[in-house]
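Biologist: Before we look at any single residue, could you take me through how one reads a model of this kind, going from the overall fold down to individual side chains?

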Amino acid sequence: MSLTRHEIREKAFQALFALNSNPEADENQLYQQLLNPDETDELEIPSYLSTLVTGVLTHQTELDGLIQPYLSSTWSLDRLAKTDLIILRIAFYELNYVDDVPGKVAVNEAIELTKAFSDDQSRKFVSGVLGKAVTHDTI
């Protein structure tokens, strides 16, 4: 099974969302469930999937610190929808730690994730946060 980077990002979002709800879950088992819902055979986990999930989890505190300045003064990370926060973490991770992903691609992919997993208001919010971050070139 060969997945595109877009599909891998979708799986990474799903894995991070599940791990947010159940941090004790077995990551390998979770990957297998996401990649092979019929459980026919154990599949090789795409390296970029584990890179994204492990990277976001490892750098979560730092990523949250990078996101916070782009929220309005009345908003905190705790008030964000979990879907939006996870999508922003993936985008900020790619912008800061993945050299072969151009900034425009990371932003566009984050917006595509909100289209798939959230609503139009979230899409506008995520787009605004990432637009400000990329414009300020702090990433």
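The dialogue below goes from the chain as a whole to four of its residues.

Biologist: What kind of model is this, and how many helices and strands does the chain have?

Modeller: This is a predicted model, and a reading of it can begin with the secondary structure. The chain has 7 helices and 0 strands, and along the sequence the pattern is accordingly written α-α-α-α-α-α-α. The radius of gyration is 15 Å, close to the 14 Å given by the globule rule for 139 residues, so the chain is as compact as a globular protein of that length.

Biologist: What box do the C-alpha atoms fill, and what share of the residues is buried?

Modeller: Taken along the principal axes, the box is roughly 50 × 30 × 30 Å, and buried residues account for 39% of the 139 residues. For burial the cut-off matters, as a residue is called buried under 20% relative accessible area and exposed over 50%. The accessible surface of the whole chain is about 7700 Å², with 47% of it belonging to carbon and sulfur atoms. As for contacts between residues at least 6 apart in sequence, 63% of them join residues at least 24 apart.

Biologist: Where does UniProt place the domain, and how much of that span is helix?

Modeller: An annotation should be kept apart from what is computed on the coordinates. The unreviewed UniProt entry places the feature "domain: NusB/RsmB/TIM44" at residues 7-133; in the model, this span is 70% helix and 0% strand, and its end C-alpha atoms lie 24 Å apart.

Biologist: How far apart are the mean positions of the positive and negative charges?

Modeller: The chain carries 11 positive and 22 negative charges, and their mean positions are 12 Å apart.

Biologist: Turning to single residues, is Arg9 buried or exposed, and which residues does it touch?

Modeller: One reads the element, then the accessibility, then the contacts. Arg9 belongs to helix H1, residues 5-21, and counts as buried because its relative accessibility is 3%. Leaving aside neighbours within four places in sequence, Arg9 is in contact with Tyr48, Leu52, Ile90, Glu94, Val101, Val105, Glu109 and Leu113.

Biologist: Helix H3 holds both Val56 and Leu57; how accessible is Val56, and how accessible is Leu57?

Modeller: Val56 lies in helix H3, which covers residues 47-58, and is buried, its relative accessible area being 2%. Leu57, also placed in helix H3, is partly exposed at 34%. Their contacts can be read in turn, not counting residues up to four places away in sequence: Val56 touches Leu16, Leu63, Arg89, Ile90 and Tyr93, while Leu57 is in contact with Leu16, Leu19 and Glu27.

Biologist: What do the C-alpha distances say about Leu57 and Glu27, and about Val56 and Val134?

Modeller: Separation in sequence and separation in space are two readings to be set side by side. Leu57 and Glu27 are 30 residues apart in sequence and 12 Å apart in space, C-alpha to C-alpha, whereas 19 Å separates the C-alpha atoms of Val56 and Val134, which are 78 residues apart along the chain.

Biologist: Where is Glu39 found, and is it buried or exposed?

Modeller: Glu39 is found in the loop between helix H2, residues 27-35, and H3. With a relative accessible area of 62%, Glu39 is exposed, because the cut-off for that class is over 50%. From C-alpha to C-alpha, Glu39 and Val101 are 31 Å apart in space, with their positions 62 residues apart in sequence.

Key. Residues are numbered from 1 along each chain as its sequence is written. This is a predicted model: local features need pLDDT of at least 70, side-chain atom pairs count only at pLDDT 80 or more; totals for chains, interfaces and linings use all residues. Side-chain values use heavy atoms; hydrogens and water are left out. Helices (H or I, at least four residues) and strands (E, at least two) are DSSP runs, numbered from the N terminus. Buried means under 20% relative accessible area, exposed over 50%, partly exposed in between (1.4 Å probe, protein chains only). Contact means heavy atoms within 4.5 Å. The radius of gyration is taken over C-alpha atoms; the globule rule is 2.2 Å times the number of residues to the power 0.38. Accessible areas come from the Shrake-Rupley method with a 1.4 Å probe; for residues, only the protein chains shown count as cover. Lys and Arg count as positive and Asp and Glu as negative; His and the chain ends are not counted. The place of a charge is taken as NZ of Lys, CZ of Arg, CG of Asp or CD of Glu. UniProt positions are given in the numbering used here, feature names are shortened, and annotations may be inferred rather than shown by experiment.
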